[in-house]
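This report looks at the empty spaces inside a protein model and at one pair of helices that pack together.

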Amino acid sequence: MTWPEIPAEVKRLEPWSEDEFEARLRAMEARYHIHHPFNLRLNRGELQPFQVRGWVANRFYYQRCIPIKDAAIMANCPDREVRRRWIARIHDHDGTGDHQGANAGGIESWTRLGIACGLSREDLWSQKHVLPGVRFAVDAYVNFARQAPWQEGAISSLTELFAPKIHADRLKGWPSHYPWIEPEGLSYFRSRIPLASRDVEHGLEIARGWCRSRARQERALQILGFKLDILWTMLDAIERAYPDDLPEELRP
């Protein structure tokens with residue numbers, strides 16, 4: 001990934017305090033995909049079933065790539081203590097133990113969401129509905145995690161700062177807006193709220209430790225912006241692919 005050069009005069013500035021740096025990271029919520037027109041319609045209950053299914057099927061590609069991204073960050077990290085904590089993210093999504101019930105993991109929970117929306121397991125795992133724009137965006141994110149210093153990969157995950165709100169919105173509105181979705185299918189959103197809060201704590205700890213200069217703090221904002229663009233671009237592609245008047249034969 002090639003970033004815009006940070007101006008020399010900015011590099012010479014004193015770093016922001018840790019509180020100011022964190023506040024600037026959190027202020028980037030204004031670019032989070034919670035504000036995307038498609039997500040606003042989704043959470044207002046304005047989408048047809050095929051549009052919800054299209055979103056679920058495409059977002060599944062992102063979900064199944066999250067542990068690959070996290071494994072890439074770990075592979076670049078020489079610090080055993082960081083790896084011991086970071087590996088929990090892989091377990092959260094891939095599952096642990098017997099992979100049953102609470103051990104199934106987030107990918108399986110998302111599969112159940114798809115089934116609750118009317119998709120089959122094969123629909124999801126075959127990637128038959130994954131759009132080129134979504135695949136390109138997600139693959140760019142995974143490739144970034146493979147190539148970047150592990151600290152930058154960790155910082156890119158800080159969109160979790162904003163995730164609890166988007167999950168809570170879905171839990172609050174979807175049961176009345178989309179009663180045709182089996183309630184059990186919403187378990188993914190419920191489980192992610194406490195896990196995202198835990199992961200944010202670790203991610204901010206890494207960001208504060210690595211970003212001791214103004215230049216690195218500015219770079220962190222660029223990295224978080226890149227990840228926000230990934231999520232926004234995914235919804236751009238989904239919104240374009242599933243207009244309200246999409247012919248029946250093309251609907252998932």
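A cavity is a set of grid points where a 1.4 Å probe fits but cannot get out, and a residue counts as lining if it has an atom within 4 Å of one of these points. The model described here is predicted.

**The largest cavity**

The structure holds 3 cavities of 30 Å³ or more, and the largest cavity encloses about 280 Å³ of space. Its lining is made up of 25 residues, and those nearest the centre of the cavity are R59, Y62, I66, E160 and R192. Two or more lining residues come from each of the helices α4 (49-75), α5, α10 (163-177), α11 and α12, and among these contributions the largest share, 6 residues, belongs to α4. Sorted by class, this lining consists of 9 nonpolar, 6 polar and 10 charged residues.

**The largest pocket**

The largest pocket, with a volume of about 260 Å³, is lined by 16 residues, of which A102, G105, G106, S109 and S191 are the closest to its centre. At least two residues of this lining are supplied by each of α5 (80-94), α6 (106-116) and α11 (187-210), with α11 giving the most, 4 residues. The lining of the pocket divides into 3 nonpolar, 10 polar and 3 charged residues.

The two spaces are set side by side below.

| Space | Volume | Lining residues by class |
|---|---|---|
| Largest cavity | about 280 Å³ | 9 nonpolar, 6 polar, 10 charged |
| Largest pocket | about 260 Å³ | 3 nonpolar, 10 polar, 3 charged |

**The packing of α8 with α12**

Helix α12, which spans residues 214-241, packs with helix α8, residues 132-147, at an angle of about 160 degrees, and the axes of these two helices are 8 Å apart. Because angles over 145 degrees count as roughly antiparallel, α8 is described as roughly antiparallel to α12. The crossing in which α8 passes α12 is left-handed.

On the α8 side, the residues that take part in the contact are G133, V134, A137, V138, A140, Y141 and F144, and they meet I223, F226, K227, I230, T233, M234, A237 and I238 of α12. Taken together, the residues of this contact comprise 12 nonpolar, 2 polar and 1 charged. Helix α12 thus appears in two parts of this account, as a partner of α8 in the packing and as one of the elements that give two or more residues to the lining of the largest cavity.

Terms used: Residues numbered from 1 in each chain as written. Predicted model: local features only at pLDDT ≥ 70, side-chain atom pairs only at ≥ 80, totals over all residues. Heavy atoms only, no water. 1 Å grid on protein atoms, 1.4 Å probe; cavity = no way out; pocket = protein on both sides within 12 Å on 5 of 7 lines; lining within 4 Å. Points joined across faces, edges and corners; volume = space filled by probe spheres on them. Nonpolar A, V, L, I, M, F, W, Y, C, P; charged D, E, K, R; others polar. Axes fitted to C-alpha atoms, helices over the stretch in contact; angles between N-to-C directions. Parallel < 35°, antiparallel > 145°, perpendicular 65-115°, else oblique. Left-handed = near helix turned anticlockwise from the far one by under 90°. Contact = heavy atoms within 4.5 Å.
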